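New notebook page today. I want to see how the strands and helices of this one fit together.

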Amino acid sequence: MSRGGTLAKRGKTIQVFLIDGEPKGRIKCTLANWTGVAYKIPRTRVEQSKDIKLLSQTGVYFLFGKAEESDEDIVYIGQAGARKNNEGVLNRIAEHKRASEKDYWTEAVIFTTANNSFGPTEISYLENRFYSLACKNNRLQVKNNMEPTPGNVTEEKESELEEFIDYAKIIIGTLGYNLFEPLLPSSRTVEEPEKTPDELLLFLKRKSRKSNQLIEAQCKQTAEGFVVLRGSQVEVIDSIAIPASIKMMRQKADINENGILQEEVLFKSPSYAASFILGMNTNGKTDWKTVEGKTLSSLDKEI
């Protein structure tokens, strides 16, 4: 399997074991015909997990939490090798728990193997690839200060590790983290507005009184919300009565000097998506329309 390949879309059997007998406690995950083992451990139960033998091995881990100032989802990605004192990846998690600069995380997800097959080269490769994939998807704020060094692996080992990554992505998603899930099944621009059967393509077109520009944007309604598409025109001038959260998102978004959005941006409501485009409070239910000219409000009435 080459780098960037994906597993065939067919049914998968995932075994989920609630170690503490409750869904918010510790969880162990395995997949049929996969040597990998994943553990989800709340920060409050790290000490209780010292008796889990596999966590004394080499592994790769993710620390998930939220930024207090913005409530933004964040992640730190790391790796740890086994030590002579029989301490491995869990011990590294415990060190992070004691460190004041990493007090933001509330849950850790750890990947290791049932046959203890990871060496220093393998975990370096995995750490680097997970970091790169997380940055590329840009779904969570990645807290690593620098890019991890990739391990120098053979072509055969790379193929094996890429398959491990594909399975790990399934586990991460199953555990409720969208770290590796793209906003759209296949990234499209305004020039390529293809859609899948479970998506609704919407358009916004309005002459701005602030800049006197014709603002044209597109978005897709997905299972997660409303994704404003890369290539959409954005009104660069804010109105006085603009929601603070939308103003912050406009400041952080990748918008070029001509007001063209350079990335996809997800919103939970159509009004927030339209407000982001127009730089003002507005009703997305009437702003966004289908190619036939129907508003979201009229579509809701047809249901």
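Entry 1. I started with one helix and the strands under it. α3 lies across β1, β2, β3 (36–42), β4 (59–66) and β6 (105–113). Against β6, I get an angle of about 150 degrees for α3. Note to self: this is a predicted model.

Entry 2. Next I looked up the sheet that those strands belong to. It is an open sheet of seven strands, and I read the order as β1-β2-β3-β6-β4-β5-β7. The pairing is mixed. Which strands stand at the edges? I find β1 (14–18) and β7 (141–142) there, each with a single partner strand, so one side of each has no neighbour in the sheet.

Entry 3. I then checked the partner of β1. β1 pairs with β2 (residues 27–31) in the antiparallel sense, over five bridges. To pick out one bridge, I followed V16 and landed on C29 in β2.

Entry 4. Back to α3, this time with its helix neighbour. How do the axes of α2 and α3 cross? The axes of α2 (residues 120–137) and α3 (residues 155–174) come within 11 Å and cross at roughly 50 degrees. An angle between 35 and 65 degrees counts as oblique, so I put α2 and α3 down as oblique to each other. The crossing is right-handed.

Entry 5. I listed who touches whom. From α2 I have E122, Y125, L126, R129, F130 and L133. They meet K157, E158, L161, E162, F164, I165, A168 and K169 of α3. Sorting the residues of this contact gave me eight nonpolar, six charged and no polar.

Entry 6. Aromatic rings next. I have 14 aromatic pairs in the structure. I took W34 and F111 as my example: the ring centres are 6.5 Å apart and the planes stand at 65 degrees, so I call the pair edge-to-face. W34 sits in the loop between β2 and β3, while F111 is in β6, so this pair ties together parts that are 77 residues apart in sequence.

Entry 7. There is another sheet to write down. Four strands make an open sheet in the order β8-β9-β10-β11, with antiparallel pairing. At its edges I find β8 (200–207) and β11 (265–267), each pairing on one side only. From one strand to the next, the twist averages 30 degrees.

Entry 8. Last lookup: how many bridges join β8 to β9? I get eight, with β9 covering residues 214–221 and the two strands running antiparallel. One of the residues I traced is K207, and its bridge partner in β9 is L214.

Conventions: Residues numbered from 1 in each chain as written. Predicted model: local features only at pLDDT ≥ 70, side-chain atom pairs only at ≥ 80, totals over all residues. Heavy atoms only, no water. Axes fitted to C-alpha atoms, helices over the stretch in contact; angles between N-to-C directions. Parallel < 35°, antiparallel > 145°, perpendicular 65-115°, else oblique. Left-handed = near helix turned anticlockwise from the far one by under 90°. Contact = heavy atoms within 4.5 Å. Nonpolar A, V, L, I, M, F, W, Y, C, P; charged D, E, K, R; others polar. Pairing = 2+ DSSP bridges. Phe/Tyr/Trp six-rings, centres within 6.5 Å; stacked < 30°, edge-to-face > 60°.
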